[in-house]
Amino acid sequence: SELGTRMTLIMTSLAAMYPDRIVTRDFRDPAQRSEQDLRSGIYTLLSSGEGQYTNVPGYSAQEGRHDMLIVADVLIGEGDAPSSVEDAEFDLVDEIKAFVRNLPDTLCAMNLMSWVQSGQIAAPRGWVVFQLEYIP
């Protein structure tokens with residue numbers, strides 16, 4: 001499908017920009033991920049729906065906004081200060097911001113809408129959830 005193709009293109013583009021990170025479309029509980037992968041940082045791309053269609057005659061259910069999430073997981077050293085988790089999360093935020101600023105031409109209509117982070121509550125593990133939209 002067009003949506004699946006788009007998701008794969010976003011995934012491969014993000015992986016090419018950050019080859020040291022794990023980039024996937026397959027969500028798994030971080031407890032099921034290897035420590036090595038978590039230390040590298042994992043980006044999981046997820047589709048969360050579509051809406052706001054044009055819905056004028058001849059364009060029903062077309063040109064809608066595709067909503068996506070990127071769930072980022074990271075692990076710092078066991079003895080590191082909890083603020084180190086926040087710093088690692090800020091690195092992830094900077095990377096996603098840079099990614100949406102430097103998209104391939106085929107993805108130029110993708111916007112970062114917001115993000116939330118762990119607030120150090122899961123230290124030494126950190127996470128950030130990014131909310132994105134693609135508007136054709």
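Author: Two strands count as paired if DSSP finds at least two bridges between them. With that in hand, let's explore this predicted model together.

Reader: What pattern does the chain follow when read along the sequence?
Author: Let's start with the elements themselves: there are three helices and five strands. Put in sequence order, with α for a helix and β for a strand, they give α-β-α-β-β-α-β-β.

Reader: Which strand pairs with S3 over nine bridges?
Author: S3 covers residues 65-75. Its partner over nine bridges is antiparallel to S3 and covers residues 42-51. That partner is strand S2.

Reader: Which residue in S3 stands opposite Tyr43?
Author: Tyr43 falls within residues 42-51, the range of strand S2. Since pairing needs at least two bridges, the nine bridges between S2 and S3 clearly qualify. In S3, the residue opposite Tyr43 is Ala72.

Reader: How many bridges join S3 to strand S5?
Author: Strand S5 covers residues 125-134 and runs antiparallel to S3. One place to see the two strands facing each other is Val71, which stands opposite Val129 in S5. The number of bridges joining S3 to S5 is ten.

Reader: How many of the eleven residues of S3 are buried?
Author: A residue is called buried when its relative accessible area is under 20%. Across the chain of 136 residues, buried ones make up 38%. Strand S3 is mostly covered, and its count of buried residues is nine.

Reader: Is His66 buried or exposed?
Author: His66 belongs to strand S3. The cut-off for buried is under 20% relative accessible area. His66 has a relative accessibility of 1%, so it counts as buried.

Reader: Which residue's side chain does His66 join in a polar contact of 3.0 Å?
Author: Good one to look for in the structure! Leaving out residues up to four places away in sequence, His66 touches several others, including Leu3, Ser47 and Leu132. The 3.0 Å polar contact links the side chain of His66 to that of Arg6.

Reader: What share of the contacts with a separation of 6 or more comes from residues 24 or more positions apart?
Author: His66 gives us an example to picture, as it touches Tyr134 among others. For the chain, contacts with a separation of 6 or more are considered, and the share from residues 24 or more positions apart is 59%.

Reader: How far apart are the mean positions of the positive and negative charges?
Author: The chain carries 10 positive and 20 negative charges. Taking the mean position of each set, the distance between the two is 3 Å.

Technical notes: Residues numbered from 1 in each chain as written. Predicted model: local features only at pLDDT ≥ 70, side-chain atom pairs only at ≥ 80, totals over all residues. Heavy atoms only, no water. Helix = DSSP H or I, 4+ residues; strand = E, 2+ residues; numbered from the N terminus. Buried < 20%, exposed > 50% of the residue type's maximum accessible area, 1.4 Å probe, protein only. Contact = heavy atoms within 4.5 Å. Lys, Arg positive; Asp, Glu negative; His and termini not counted. Charge placed at Lys NZ, Arg CZ, Asp CG, Glu CD. Polar contact = N/O pair within 3.5 Å; in protein donor to acceptor, adjacent residues only side chain to side chain.
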